Amino acid sequence: MRMNVIGLTMGAALALGGVAGEARAATDKVVVVTAARMVDVLSGRMVERPVVVIKGGRIASIGTDLPAGLPADAQRIDLAGKTILPGLIDMHVHLDSNPVYGGYTGLQFTDLFWAVQGVANAQSMLRAGFTTVRNVGSSDYADVAYKQAIDEGLITGPRIVPAAHALGATGGHCDETYLPPSFRAKGEAVGDGPQQLRQKVREQRKYGAEVIKVCATGGVFSRNTEPGQQQLAEEELRAIADEAHQWGLRTAAHAHGAAGIKAAIRAGIDTIEHASLVDEEGIRLAAERKQPVWFSMDIFNTEYTQAEGKKNGVLEDNLRKDREVAQIQRDNFRKAHRAGVRMVFGSDAGVMPHGTAGGQFRVMVEYGMTPIEAIQAATRNAAEALGRTGDVGAIAVGRYGDIVAVDGDPTQDVRLLERPAMVIKGGEVVATRS
């Protein structure tokens, strides 16, 4: 029996290798993209009549004239009248969440339902222009599976930076808090004390995590926790950050409350998620920390939660918490931006439908950013926070040929990003709007 299982596994691997090989061979082609304008997110300038040459899925050259020596079979993508910008990056998504099923309504489905429906969510993110997403917490290593299937060419979706299971304290936001004791439900990466949490970091990395997510405070959509409540001690957060950094991984802390935010910043966490109730000291710590720390503030999704949450089964206690933090978070976004805190785009897609994530650009501008700053938060800044300035986040030589095209000028009307005209990933057109 053991030999039969090994034989089947090897056969499946060979078959998948063939599919992947075909996908890699297809990316050897040359693609030439032309447009009316290009947003250079590195300089913040607009480039007129750009010519972008993509070879093998990566950008080979950028200019304003067709280069000599292009192969006769080079593919031409002429985006006349349109503006191109880099593929967008959402730093906070949950692909295996679905806001239509709130509260206890999700218990009507089998466990793997969430991973299966997540395939469609990944496709929705890509069609919305997000060619890279950081998935900050997933059950059953589903985000690792999405990444593997996309990389193998088996399904369509963005480039995924997976976190696998989110770390947290017993009874905290990242634990299983909705079921009675008889179910013995427990979060897969729950730990108490520095050593247990170090072990959880190693376990997530072992099975494919590329970022470590930790819940430093309570949350809006958990039960029996409050957003402002600190749930891990600073020494625990420092152990997580140190262990992750030792393995070459970056860290993200779910942190609504002021005390937890400050503890996470002092502990060396790389990105602070939500940052809803941050105080003046926390803003100062973030702005002044020598090792860069980034705020990822989801200031858009409350519109969906308050409009649709009750109908979707979200419990009143969760809606109450969302109402209480929503405006405070938006006001603190403005304060943090004014103070010079580094900011990235993070929508918390899954709290609202994934395909609507681009709606956050409008709110970021309403609360103090210029359109180019909002665009840079989802491109240049996000790539820096990921440590991936060599492959994503800009239309630049050597980076992936990930491009979004819009009608008009998004540096004047950022809402254009809500409806991309075309999405290109690695030189391949993956979405168009009719």
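This tour moves through a predicted model, starting with its two domains and continuing to the contacts between them and a salt bridge at residue K29.

**The two domains**

Begin by colouring residues 30-87 together with 395-432, which make up domain 1, and then give a second colour to residues 88-386, which make up domain 2. If you place a marker at the centre of each domain, taken over C-alpha atoms, the two markers will be separated by 30 Å.

**The interface**

Next, select the residues of each domain that touch the other: 24 residues of domain 1 are in contact with 24 residues of domain 2. Together the two domains bury about 1900 Å² between them, and 69% of that area is on carbon and sulfur atoms. Within this selection, show V41, V414 and K425 as sticks, since these three residues supply 28% of the area that domain 1 buries against domain 2, more than any other three residues.

**Polar links across the interface**

Now turn to D402 and R159, whose side chains meet in a salt bridge with an N to O distance of 2.9 Å. How many salt bridges does the rule find across the interface of domain 1 and domain 2? The count there is 1, while the number of residue pairs in polar contact across the interface, with both residues at pLDDT 80 or more, is 4.

Switching to a cartoon view, pick out β5 (75-86), β15 (422-425) and β16 (428-432), each of which supplies at least two residues of the side of domain 1 that touches domain 2. Of these, β15 gives the largest share, with 3 residues. Colouring that side of domain 1 by residue class divides it into 15 nonpolar, 4 polar and 5 charged residues.

**An annotated span**

Select residues 83-430, the span that an unreviewed UniProt entry annotates as "domain: Amidohydrolase-related". The C-alpha atoms at the two ends of this span lie 17 Å apart, and the span is 35% helix and 15% strand.

**A salt bridge at K29**

Finally, widen the search to the whole structure, where 25 salt bridges are found, and centre the view on the one formed by K29 and E428, whose closest N and O atoms are 3.3 Å apart. K29 lies in the loop between α1 (2-26) and β1 (30-40), whereas E428 lies in strand β16, so this pair ties together parts that are 399 residues apart in sequence.

Key:
Residues are numbered from 1 along each chain as its sequence is written. This is a predicted model: local features need pLDDT of at least 70, side-chain atom pairs count only at pLDDT 80 or more; totals for chains, interfaces and linings use all residues. Side-chain values use heavy atoms; hydrogens and water are left out. Domain bounds come from an automatic or database domain assignment. Contact means heavy atoms within 4.5 Å. Buried area is the accessible area (1.4 Å probe) that two parts lose on being put together, summed over both. A salt bridge is a side-chain nitrogen of Lys or Arg within 4 Å of a carboxyl oxygen of Asp or Glu. A polar contact is a pair of N or O atoms within 3.5 Å; within protein, one must be able to donate a hydrogen and the other to accept it, and residues adjacent in sequence count only if both atoms are side-chain atoms. Helices (H or I, at least four residues) and strands (E, at least two) are DSSP runs, numbered from the N terminus. Ala, Val, Leu, Ile, Met, Phe, Trp, Tyr, Cys and Pro count as nonpolar, Asp, Glu, Lys and Arg as charged, and the others, Gly among them, as polar. UniProt positions are given in the numbering used here, feature names are shortened, and annotations may be inferred rather than shown by experiment.
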